[in-house]
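Thank you all for coming; I would like to take a few minutes to walk you through a structure that is probably new to most of you. Please have a look at it first, and then we will go through its helices and strands together.

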Amino acid sequence: MNPVNNPFTPGAGTPPPELAGRETVLQDADNAIKRTLNNKIAKSQIMLGLRGVGKTVLLNKIYQIAEDLGTFAAIFEASSSQTLPETMTQPLYRLLLKLDRSRKTENDIKRVFGLLGQFARLFKVKIGEFEVGIDPGILTGDLALDLGDLFVLIGEAAKSRHTAVIILIDEVQYLEEDDLAALILAMHRISQKQLPILLFGAGLPQLAKLAGDAKSYAERLFDYITIDKLDNISSALALERPVLRENVKFEPEAVGKIIEETEGYPYFIQLWGSLVWDIAKASPITINDVVRATEKSVAMLDSGFFRIRYERLTERQQDYAKAMARAGKLPVSSAEVAEIMGITVRQAAPIRDEVMKKGMAYSPGRGLISFSVPKFEDYLRRNFIKV
Ligand SMILES: Nc1ncnc2c1ncn2[C@@H]1O[C@H](COP(=O)(O)OP(=O)(O)OP(=O)(O)O)[C@@H](O)[C@H]1O
Ligand SMILES: [Mg+2]
């Protein structure tokens, strides 16, 4: 079929042609933003899910909802190479500019700009071009306290303008423990003062435990929302609706086969959809087209998506990952992985922690480990493990 009309969008954070199966998540986000706007208590929300399930897409969508509802939103991504002040200062600055309709003539806004300037200086953020105003000099250099002060001032400025501020943070699992603790503490202060700031975070499943370790009350402060792979009905919608808009159909068996191969993981659905579209000669798309697309998809994943992630691991981390894949069905116990590697549990523990810190694995239960990249074990088995 003509690749120009291909509706599918395999990628990172790229909006899918059909955002299937996420109605409840979006409705909950919409409700929470509206409650915040109406001075009602709403809990911040943390979305947890494996790689490629659609967390970034959801955050972007919630950003859009927030702006459409007339609130002011800032969105950014945490990374392992930057501190929280480094990642958040610029987005907060842009947010303040939006909030500041009268261009720094009002005292409360002047103070927030001043505080942000001091914040940036204290935490050694290169602030580049922007001008942040007079230094009010009330910060301490302790991120946990200062971020709270900054949030309180921003919250008060939003409240007096009868609006709300929505902060969206992606890849939250990459924050260092102290930064994560500071963020949680700042949100805690906001919720105690009932100021209109709402946080939406997204990250890998281990984030729930990281947040709990950083601050034990995190679980009461946030609603944790699991973003799962799509069920069969949503998977079918994600495939059928976009092609139907191009006047193309799938044979029912073809859809079934894609669901079987992708297990309903959104990124894989987009990839299979995109390749089968290019392969099929005409409508309807058949199961044979899917068989050919599967071969191509797997080859592409093995040389790209999976390989890049594999190569980010050091040799001993790769050995750990391969031992996990050898174990059979995942999740597997850390003890079993150590046994397969022929080392003690104590020797294996730091390697396991590194693999988790890199965002490749997570613990779905006490003493257990699994990959945070769906079907990664199949890749390892195909390419490295002889049977
Ligand atoms: N509900 C959905 N229905 C169909 N496709 C989807 C859906 N959500 C996301 N996708 C597609 O899945 C892919 C991955 O989405 P996204 O990048 O948001 O995932 P992610 O969870 O942020 O992954 P990562 O953890 O790697 O950052 C994209 O190609 C996107 O278009
Ligand atoms: Mg993402």
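Let me begin with a pair of helices, in which α5 passes α6 in a right-handed crossing, and let me say at once that what you see is a predicted model. The residues at the contact of α5 with α6 divide into twelve nonpolar, one polar and three charged. On the α5 side they include Leu143, Leu147 and Phe151, and these, with others of that helix, meet a set in α6 that includes Leu183, Met187 and Ile190.

As for the geometry, the axes of α5, which covers residues 143-160, and α6, which covers residues 177-192, come within 8 Å and cross at roughly 40°. Because of that angle, α5 counts as oblique to α6.

Now, helix α6 also brings us to the sheet, since it lies across β1, β3, β4 and β5, and it runs at about 150° to β4. Helix α1, residues 23-37, likewise lies across β1, β3, β4 and β5, in this case running at about 155° to β4.

In what order do the strands of this open sheet follow one another? The order is β2-β3-β4-β1-β5, five strands with parallel pairing, and from one strand to the next the twist averages 15°. The edges are taken by β2, at 72-77, and β5, at 222-226, each of which has a single partner strand, so one side of each is left without a neighbour in the sheet.

Within the sheet, let me pick out one pairing, that of β1, residues 44-48, with β4, residues 197-203, which are joined in the parallel sense over four bridges. There you will find Met47 of β1 standing opposite Ala202 in β4.

Finally, I would like to turn to β6, β7 and β8, where the pairing is antiparallel. Strand β8, residues 368-371, pairs with β6, residues 332-333, over two bridges, and here Val332 stands opposite Ile369. Strand β8 also pairs with β7, residues 361-362, again over two bridges, with Phe371 in β8 as the bridge partner of Ala361.

Which residue takes a positive phi in the hairpin of β7 and β8? It is Gly367, with a phi near 75°, in a hairpin that has five residues between its strands.

Notes: Residues are numbered from 1 along each chain as its sequence is written. Chains are lettered from A and ligands numbered from 1 in the order in which they are written. This is a predicted model: local features need pLDDT of at least 70, side-chain atom pairs count only at pLDDT 80 or more; totals for chains, interfaces and linings use all residues. Side-chain values use heavy atoms; hydrogens and water are left out. Two strands pair if DSSP finds at least two bridges between them. Axes are lines fitted to C-alpha atoms, for helices over the stretch in contact, and angles run from 0 to 180 degrees between N-to-C directions. Angles under 35 degrees count as roughly parallel, over 145 as roughly antiparallel, 65 to 115 as roughly perpendicular and the rest as oblique. A crossing is left-handed if the near helix is turned anticlockwise from the far one by less than a right angle, and right-handed if clockwise. Contact means heavy atoms within 4.5 Å. Ala, Val, Leu, Ile, Met, Phe, Trp, Tyr, Cys and Pro count as nonpolar, Asp, Glu, Lys and Arg as charged, and the others, Gly among them, as polar.
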